[in-house]
Amino acid sequence: MTTPSSKKRVLSGIRATGRLHLGNYLGAVKGMLELQDKSEYETFYMVADAHAITTPYDTKTLAQNRKEVILDYLSAGLDPAKSVIFVQSMVPAHFELSHYLGSVISVNRMLHLPTYKEKVKQYSDESSMALLNYPVLMAADILAYKAEAVPVGVDQEPHLEIARQIARNMNTKFGTDFPEPKIFETVGKYIPSLLGDGKMSKSVDGSFINLTDDPDTIALRLAKVPTDSGRGESVPIKGSVANLLFFVELFQGSEDRKKYEDMYLSSGIRYSELKMDLAKAIFSVVEPIQKKRIEMVKILDDVINDGAKRAGNVASQTLLEVKQKMGF
Ligand code: ADP
Ligand code: TRP
């Protein structure tokens, strides 16, 4: 089996289910950006539109969502001169490979994944075969490029464990040479929900701030974050106040966090002021991304078409190798 070029490969993707929020940006896109700038890596970044159909979705908005994610990528700094940026469904080798990879992992392993169980709870009547197969398709996305590093948030770790298991099983059974892909983590690998419990997620209203939010929207979303009296004997370590302090540290720095912690233990925090400063700091991070978005619309179609060709060349080569090894 031929090995990839001397560069290590990287693959990541985000589902086409809407605009990106700060969790997606800090947990996944920041890692993608870091690796695209390292010369020892060859980076492939896609929008996972086929993964969007694993939970109920609207056929009318899928095409728009697909474009929004690519636009968010480009505006955030993913660069088609450095990375292959593409749409998953335009590279059919992923789906064929997913079928072959499915033969080396058990149904039982899929049924016990925490990510699967959560989704089944959420959409009990509509949990589909596509949902059960989600991690196998994700493994195909990664292994099609023999990727070694996958910049994603920590919530994706169970899926990466499946990809590693599939890689090992394929190598043992059929003599393929898949590397075992590892997560590439950023400092924002787990961005908590604005509401206090769980992670920031686009499927939980009130939990997120989008990259495309204007200053008023950001202020409004922060205004809804539940708070307490602002003072006490110990600084909260979980819940929405703890999360606010985490955001202060992330966007304003550890000194500001320390200042608020001291206030909590003495004179008290005035949350309206904290939230106003935080809103400004968050907007200063998303503002340049928003400005770039307008220009990126012009190159969108070319990026998508070129990306499909470049990704397709690599993925179909891997598929060919796998089919040969498996006796086709
Ligand atoms: P969502 O849960 O909002 O639907 P996705 O599942 O589409 O987000 O995640 C896209 C990428 O963003 C994945 O790499 C995921 O790990 C990352 N991500 C999502 N939410 C967060 C978060 N709150 N903190 C860090 N990373 C996140
Ligand atoms: N499961 C990822 C998410 O929820 C999306 C995804 C699909 C992905 N295929 C991938 C991420 C391959 C990394 C690598 O966002």
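Helices are DSSP runs of H or I with at least four residues, strands are runs of E with at least two, and both are numbered from the N terminus. The structure is a predicted model, in which local features need pLDDT of at least 70 and side-chain atom pairs count only at pLDDT 80 or more, while totals for chains, interfaces and linings use all residues. Residues are numbered from 1 along each chain as its sequence is written, chains are lettered from A and ligands numbered from 1 in the order in which they are written, and side-chain values use heavy atoms, with hydrogens and water left out.

Q: Why is Ile 294 called exposed?
A: Ile 294 lies in helix 12 (residues 271–296). A residue is buried under 20% relative accessible area, exposed over 50% and partly exposed in between, for a 1.4 Å probe and protein chains only. Ile 294 has a relative accessible area of 65%, so it is placed in the exposed class. In space, its C-alpha is 16 Å from that of Gln 64, although 230 residues separate the two in sequence.

Q: What makes Asn 24 buried?
A: Asn 24 belongs to helix 1. The relative accessible area of Asn 24 is 13%, and therefore the residue is classed as buried. Contact requires heavy atoms within 4.5 Å. With neighbours within four places in sequence left aside, Asn 24 has Ile 14, Arg 19, Val 29 and Lys 202 as its contacts.

Q: How do you know that helix 1 is largely enclosed by the rest of the structure?
A: Of the 15 residues in helix 1, 13 are buried, and therefore the helix is largely enclosed by the rest of the structure.

Q: What span is expected for helix 1, and what does it reach?
A: The expected span of a helix is 1.5 Å times one less than its number of residues. For helix 1 (residues 22–36), with 15 residues, this gives 21 Å, and the helix reaches 20 Å from its first C-alpha to its last, close to the expected value.

Q: Where does helix 1 bend, and by how much?
A: The bend at a residue is the angle between axes fitted to the seven residues ending there and the seven starting there. At Val 29 this angle is about 35 degrees.

Q: How do you know that there is a kink in helix 13?
A: An angle of about 25 degrees is found in helix 13, centred on Gly 312. Helix 13 (residues 300–325) has 26 residues and spans 37 Å, close to the expected 38 Å. Asn 313 is also in helix 13, and its 56% relative accessibility makes it exposed. After helix 13 comes Gly 327, with a positive phi near 95 degrees.

Q: What makes the phi of Lys 146 worth noting?
A: Most residues other than glycine have a negative phi. Lys 146 is not a glycine, yet its phi is positive, about 50 degrees. Lys 146 sits in the loop between helix 7 and strand 4 (149–151), and with 3% relative accessibility it counts as buried.

Q: At what angle do helix 3 and helix 7 cross?
A: Axes are lines fitted to C-alpha atoms, for helices over the stretch in contact, and angles between N-to-C directions run from 0 to 180 degrees. On this basis, the axes of helix 3 (residues 93–101) and helix 7 (residues 134–143) come within 8 Å and cross at roughly 115 degrees. The contact involves His 94, Phe 95, Leu 97, Ser 98 and Leu 101 of helix 3 with Val 136, Leu 137, Ala 139, Ala 140, Asp 141 and Leu 143 of helix 7.

Q: How many residues of the contact of helix 3 with helix 7 are nonpolar, polar and charged?
A: Ala, Val, Leu, Ile, Met, Phe, Trp, Tyr, Cys and Pro count as nonpolar, Asp, Glu, Lys and Arg as charged, and the others, Gly among them, as polar. The contact residues divide accordingly into eight nonpolar, two polar and one charged.

Q: Why is Leu 222 called buried?
A: Leu 222, in helix 9 (residues 215–223), has a relative accessibility of 1% and so counts as buried. Beyond neighbours within four places in sequence, its contacts include Leu 194, Ile 209 and Leu 244.

Q: Why does Lys 182 count as exposed?
A: Lys 182 is in strand 5 (residues 182–184). The relative accessibility of Lys 182 is 53%, so it counts as exposed. Among its contacts, neighbours within four places in sequence aside, are Glu 148 and Arg 164.
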